[in-house]
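Colleague: I'm new to this one. Could you walk me through it?

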Amino acid sequence: MRAIILAAGRGLRLQQPEDRQLPKCLLRFAGKSLLERHLILLRAAGIEEIVLALGFRRELVEQELTRLRWRPRPEIVVNGRFELGSVLTVHTAAEAMTRGGEVLLMDADVLYDDRILGALVAGRTPVNRLLIDRDFEAGDEPVKLCVRNGVPVELRKQLEPNLQYDAIGESVGFFRFDQSGARRLAAIVASYADRELGHMPHEEAVRDLIREGSQRFEVADVSGAPWIEIDFSVDVERAEREILPELRSLPGVAA
């Protein structure tokens, strides 16, 4: 199993001072960057093959890897047009998506408990898997995952008014794909690039994969496990105040 971590964006909505703008994966909580937390949790889950898709100020991320002396050092791919949508970042990692085996596709800007990753990687049989958190705040910002009869039917911020579903929640920004699913997603992402739709979020390509019906998807419920995607300064404050105290200790790290 291979993890591809999407960490290319500028994070403009955080409104960091211009002379101190950092890639969001370098935001620190309790002394550890989000990147370091990803690496620790992935290693604890038995995943050592990691690809970092970088863009904005990538040299700072590489400096963090050097500081951590992480081995094996993650493979790095670079999206030179990181100011556009994340679908191009996934396209940059196309070779890693298609080289075989299962793939985890993960947003870098998430502070999360090990139970989140545990639900994603559970089981030895290759699967396509989505994560749903039913305890979410409604609004325009969350990417909603809608499920009907156990099957995902929608993955979007804005829902059609006549959409039929029996469960709804926020999609955690992590996806698991078996070999076939990963290769098909890479092909869909390539079509976005070919059609000059590089401004789109990668979730739109995942949505296309879900809705075309070529792959079977499982949905794992992680409601109650603490996590937060960090987009705005208020998210940083909430992460410190509400999420961090609820996280279990990082594996192999003294409390």
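Modeller: Sure, starting with a lysine: the backbone oxygen of K157 lies 2.7 Å from a polar atom of the side chain of K144. Keep in mind that the model is predicted, with local features needing pLDDT of at least 70 and side-chain atom pairs pLDDT 80 or more, while totals for chains, interfaces and linings use all residues. Numbering runs from 1 along each chain as its sequence is written, and side-chain values use heavy atoms, without hydrogens and water.

Colleague: Which side chain of opposite charge is nearest to K144?

Modeller: K144 is buried (under 20% relative accessible area, 1.4 Å probe, protein chains only). K144 has no salt bridge (a Lys or Arg side-chain nitrogen within 4 Å of an Asp or Glu carboxyl oxygen). Lys counts as positive and Asp as negative. The nearest side chain of opposite charge, 5.3 Å away, is D140.

Colleague: Where do the buried residues of helix 8 fall, seen down its axis?

Modeller: Helix 8 (residues 233-243; helices are DSSP runs of H or I, at least four residues) has D235, A239 and I243 as its buried residues. Directions are taken from the helix axis to the C-beta atoms. The buried residues line one face of helix 8, because they fall within an arc of 50°.

Colleague: How many residues does the largest nonpolar core have?

Modeller: A nonpolar core is a set of buried Ala, Val, Leu, Ile, Met, Phe, Trp, Tyr and Cys residues joined through side-chain atoms within 4.5 Å. Among those with the most contacts inside the largest one are L42, L104 and F174. A second, separate core includes V103 and L185. The largest core's count is 37 residues.

Note on methods:
Buried < 20%, exposed > 50% of the residue type's maximum accessible area, 1.4 Å probe, protein only. Polar contact = N/O pair within 3.5 Å; in protein donor to acceptor, adjacent residues only side chain to side chain. Helix = DSSP H or I, 4+ residues; strand = E, 2+ residues; numbered from the N terminus.
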